[in-house]
Amino acid sequence: MVREIKFDQNVVTAKVQGSRRTPYKEKLVLRKFTDKELDKLVAMIQERPVVLSKLFNRQMDESLSKLADASAMPLFPRQWRDIDMECSCPDWAVPCKHLAAVIYQISLEIDNNPFLVFSLHGVDLLAELEQRGLTPSGSVE
């Protein structure tokens, strides 16, 4: 049971209740996007009004993930080693069941807020879009 989860850019910390009295401490770290990758990502979004519109409606367009993958900056990890993970439990497996619970919780959070996918790479996408004059109202300032 995930008792607490905190997001700080590309770092996720959590506490998961296991069989012991005190919860286990979890930490997951994803790779941050570089400035160059961020510029490329925003350009891809800007060139696709449907993707931009869906993002402003809190929906992730599947094509964006495919475009990011093709540009060698995947939004979602492809394999376990794409995420640095730590758990304070005595289990040697990575991911252990506590880390798996946190990953599942992260997926639920992303369903509610697709901008979290970008935050997990150190990007405040909404701020980046607004900085470039793209607003949810559909107008370019």
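How many helices and strands are there in the protein chain? The predicted model has 6 helices and 4 strands.

**Figure 1. Overall fold of the predicted chain.** From the N terminus on, the elements run β-β-β-α-α-α-β-α-α-α. Taken along the principal axes, the C-alpha atoms fill a box of roughly 55 × 25 × 20 Å. The chain has 141 residues, and buried residues make up 37% of them. Its accessible surface comes to about 8600 Å². Carbon and sulfur atoms account for 49% of that surface. Among contacts between residues at least 6 apart in sequence, 55% join residues at least 24 apart.

**Figure 2. The loop between β1 and β2, at Q9.** Strand β1 spans residues 2–8, and strand β2 spans residues 11–16. Q9 lies in the loop that separates these strands. Phi of Q9 is near 55°. That is a positive value in a residue other than glycine. Q9 counts as partly exposed, at 42% relative accessibility.

**Figure 3. R31 in the loop between β3 and α1.** Strand β3 covers residues 24–29, and helix α1 covers residues 35–46. R31 is partly exposed, at 39% relative accessibility. Which residues does R31 contact, leaving aside its neighbours within four places in sequence? They are N10, E37, A72, M73, L120 and H121. L129 is 98 residues from R31 in sequence. In space, the C-alpha atoms of R31 and L129 are 21 Å apart. R31 also belongs to the lining of the second largest pocket, and so does its contact H121.

**Figure 4. R58 in the loop between α2 and α3.** Helix α2 runs over residues 49–56, and helix α3 over residues 62–70. Phi of R58 is near 60°, a positive value in a residue other than glycine. Is R58 buried or partly exposed? R58 is partly exposed, with a relative accessible area of 46%. Not counting residues up to four places away in sequence, R58 touches N112, N113, P114 and F115. D111 lies 53 residues from R58 along the chain. The C-alpha atoms of R58 and D111 are separated by 8.8 Å.

**Figure 5. Cysteines without a disulfide.** A search of the whole structure finds 0 disulfides. Why is C87 in no bond with C89? The sulfur of C89 is the closest cysteine sulfur to that of C87, but the two are 3.5 Å apart, too far for a bond. A disulfide needs the sulfur atoms within 2.5 Å. C96 is in no disulfide either. Its nearest cysteine sulfur is that of C87, 3.6 Å away. C87 is partly exposed, with a relative accessible area of 21%. C96 has 3% relative accessibility and therefore counts as buried.

**Figure 6. The cis peptide bond between V94 and P95.** Omega of this bond is about 5°. P95 lies in the loop between β4 and α4. Strand β4 covers residues 84–87. Helix α4 covers residues 97–112.

**Figure 7. The largest pocket.** About 290 Å³ of space lies in this pocket. How many residues line the largest pocket? There are 15, and the closest to its centre are F76, P77, I83, I103 and I106. Which helix gives the most to the lining? Helix α4 does, with 4 residues. By class, the lining has 12 nonpolar, 2 polar and 1 charged residues.

**Figure 8. The second largest pocket.** This pocket holds about 160 Å³ of space. Its lining consists of L30, R31, P74, F76, P77, R78, D82 and H121. These residues divide into 4 nonpolar, 1 polar and 3 charged. F76 and P77 line this pocket, and both are also among the residues closest to the centre of the largest pocket. R31 in this lining is the partly exposed residue of the loop between β3 and α1.

Notes
Residues are numbered from 1 along each chain as its sequence is written. This is a predicted model: local features need pLDDT of at least 70, side-chain atom pairs count only at pLDDT 80 or more; totals for chains, interfaces and linings use all residues. Side-chain values use heavy atoms; hydrogens and water are left out. Buried means under 20% relative accessible area, exposed over 50%, partly exposed in between (1.4 Å probe, protein chains only). Helices (H or I, at least four residues) and strands (E, at least two) are DSSP runs, numbered from the N terminus. Contact means heavy atoms within 4.5 Å. On a 1 Å grid over the protein atoms alone, a cavity is a set of points where a 1.4 Å probe fits but cannot get out, and a pocket is an open set with protein on both sides within 12 Å along at least five of seven lines; lining residues have an atom within 4 Å of a point. Grid points are joined across faces, edges and corners, and a volume is the space filled by probe spheres set on the points. Ala, Val, Leu, Ile, Met, Phe, Trp, Tyr, Cys and Pro count as nonpolar, Asp, Glu, Lys and Arg as charged, and the others, Gly among them, as polar. Accessible areas come from the Shrake-Rupley method with a 1.4 Å probe; for residues, only the protein chains shown count as cover.
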